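Here's a quick tour of a single model, taken one region at a time. Have the structure open and follow along.

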Amino acid sequence: MLGEKRLTKVARRLRRDMTEAEHRLWSRLRNRQLENTKFVKQFPVGPYVADFAARSLKLGIELDGGQHNESRDAERTRVIEAHGYRILRFWNNELTDNIDGVLQTIVQEIQIARGN
């Protein structure tokens, strides 16, 4: 587990050094472009940093590339969800191959979180 100050430094570095997939999704989430929902990037939740989060809806989004490990990701998801967040996971190639489908899935989860 990382201390809170150290985790904040990690989140700041991750915001500055986003991956291509993160840039691609962030360009569609920022400035309330999707369902007028405010997202933040690289948001600390517990001992982890979620790639993106809609804090008001307790919705987190994680992008997974080749470096990800399914059992470690399952633990991350479990811990973040224990903090009250619903986590959506997408593979980086899904953003390249089907960004509209990814965005539609996010919209559906936003609507569920809002009770629509």
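## A charged patch

K5 is exposed, its relative accessible area coming out at 74%. Keep in mind throughout that this is a predicted model. You'll find K5 in helix 1, which covers residues 4-16.

K5 also has company: together with K9, R12 and R15, K5 forms a positive surface patch. A residue needs over 30% relative accessible area to join a patch, so K5 at 74% clears that bar.

## Two odd phi angles

Now for the backbone. Most residues other than glycine have a negative phi. N31 goes the other way, with a positive phi near 60°. N31 sits in the loop that links helix 2 (20-29) to strand 1 (40-45), and N31 is exposed, at 63% relative accessible area.

E35 is another non-glycine residue with a positive phi, about 55°. E35 also belongs to the loop between helix 2 and strand 1. How exposed is E35? With a relative accessibility of 33%, E35 counts as partly exposed.

## The nonpolar core

Time to look inside. The largest nonpolar core has 22 residues, and those touching the most other members are L25, L29, F39, F52, I61, L63 and I106. Two or more residues apiece come from helix 2, strand 2 (48-54), strand 3 (59-64), strand 4 (86-91) and helix 4 (92-114).

Which element gives the largest share of this core? That would be helix 4, with seven residues.

Notes:
Residues are numbered from 1 along each chain as its sequence is written. This is a predicted model: local features need pLDDT of at least 70, side-chain atom pairs count only at pLDDT 80 or more; totals for chains, interfaces and linings use all residues. Side-chain values use heavy atoms; hydrogens and water are left out. Patches are made of residues with over 30% relative accessible area and no salt bridge: like charges are joined within 9 Å, nonpolar side chains (Val, Leu, Ile, Met, Phe, Trp, Tyr) within 5 Å. Accessible areas come from the Shrake-Rupley method with a 1.4 Å probe; for residues, only the protein chains shown count as cover. A salt bridge is a side-chain nitrogen of Lys or Arg within 4 Å of a carboxyl oxygen of Asp or Glu. Lys and Arg count as positive and Asp and Glu as negative; His and the chain ends are not counted. The place of a charge is taken as NZ of Lys, CZ of Arg, CG of Asp or CD of Glu. Helices (H or I, at least four residues) and strands (E, at least two) are DSSP runs, numbered from the N terminus. Buried means under 20% relative accessible area, exposed over 50%, partly exposed in between (1.4 Å probe, protein chains only). A nonpolar core is a set of buried Ala, Val, Leu, Ile, Met, Phe, Trp, Tyr and Cys residues joined through side-chain atoms within 4.5 Å.
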